[in-house]
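Subject: Structure handover

Hi,

Here is the structure I promised to pass on. Have a look at it first, and then read my notes underneath.

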Amino acid sequence: MESKGAAPALVATGIACRRAERLLFRELNFTLAPGQVLMLRGPNGSGKSSLLRLLAGLLPMAEGELSWRGRKVGAERAAYRADLAYLGHLDALKPQLLVRENLQFWAELIGATMPVDNALAKVGLAPCADFPAQHLSAGQRRRFGLARLLLKPVPIWLLDEPSTALDANGQKLVVDLITRHRAAGGIAVISSHDDLALAQATTLVLGASAGGAA
């Protein structure tokens, strides 16, 4: 990862998103340097999840430009995607496989640098490693998603409601993981209805008339 104090890493300039002929937002601008967090706020339907999917390369931009490490993402799409991890609403679990087997699949897919059992232990799922995934609770499924983030360090985390279904200890885990990610020079863009205690996070309100980060 880049060190703190490096030049701004992720830059959005005038980006817009349209879904089913509806313009969700436009003229959206922000700059994120290593160690920074952008919190997305706004009512349901304002485009928070769509913005995360757009940043992950899963939705096209209607307008604007996204740059990473000083280069346009469109020209360096494979390198950009290799530098990010996206945690969406789906748990990405095959119910018949064991929890360990599910995570091993992801580990092999992305070329993990952390052993699967270590990642499970860090999110409190070690006792469930040999359970069929279909027996996990909603909170445990979310912890599994957090374990996927730990398999391989990448500079950008895109997190859609990372603390949903988690109890107080689980929410603290989320904050701790994000804090460590930032300390290592990572950046994060997060949509959350929970009041995560993240120091010095920038807030971007969607559904407002302004297009910049506040």
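Below is what I found, starting with the cores and moving on to the helix packing and one loop residue.

One thing to keep in mind from the start: this is a predicted model.

**The cores**

A good place to begin is the largest nonpolar core, which has 36 residues. Leu146, Trp157 and Ile190 are the ones that touch the most other members. Quite a few elements give two or more residues to this core: the helices are H3 (99-110), H4 (116-122), H5 and H6, and the strands are E3 (37-41), E6 (84-87), E7 (156-160) and E8 (187-191).

If you zoom in on Leu146, leaving aside residues up to four places away in sequence, you'll find it touching Leu87, Val123, Pro162, Leu166, Leu173, Val174 and Leu177. There is also another core, lying apart from the largest one. That one has 29 residues, including Ile15, Ala56, Val73 and Leu158.

**H5 against H6**

Next, look at helix H5 (residues 138-150) and helix H6 (residues 168-183). Their axes are 11 Å apart and they pack at an angle of about 15 degrees. Angles under 35 degrees count as roughly parallel, so that is how H5 and H6 run relative to each other. The crossing of H5 past H6 is left-handed.

On the H5 side, the contact is made by Arg143, Leu146 and Leu150; H6 brings Asn169, Gly170, Leu173, Val174 and Leu177. Sorted by class, that contact has 5 nonpolar, 2 polar and 1 charged residues. You'll recognise Leu146 here from the core, where it is one of the residues that touch the most other members.

**H3 against H5**

H5 also packs with H3, this time at an angle of about 35 degrees and with the axes 10 Å apart. Here H3 passes H5 in a right-handed crossing. Which residues meet? From H3 they are Val99, Asn102, Leu103 and Trp106, and from H5 they are Phe144, Ala147 and Arg148. The split for this contact is 5 nonpolar, 1 polar and 1 charged.

**A loop residue**

Finally, find Ala75, in the loop between strand E5 (71-72) and helix H2 (77-82). Is Ala75 buried or exposed? Its relative accessibility is 63%, so Ala75 counts as exposed, the cut-off being over 50%. As for distance, Ala75 and Phe25 are 50 residues apart in sequence, and their C-alpha atoms are 24 Å apart in space.

Cheers

Key. Residues numbered from 1 in each chain as written. Predicted model: local features only at pLDDT ≥ 70, side-chain atom pairs only at ≥ 80, totals over all residues. Heavy atoms only, no water. Axes fitted to C-alpha atoms, helices over the stretch in contact; angles between N-to-C directions. Helix = DSSP H or I, 4+ residues; strand = E, 2+ residues; numbered from the N terminus. Parallel < 35°, antiparallel > 145°, perpendicular 65-115°, else oblique. Left-handed = near helix turned anticlockwise from the far one by under 90°. Contact = heavy atoms within 4.5 Å. Nonpolar A, V, L, I, M, F, W, Y, C, P; charged D, E, K, R; others polar. Core = buried A, V, L, I, M, F, W, Y, C linked by side-chain atoms within 4.5 Å. Buried < 20%, exposed > 50% of the residue type's maximum accessible area, 1.4 Å probe, protein only.
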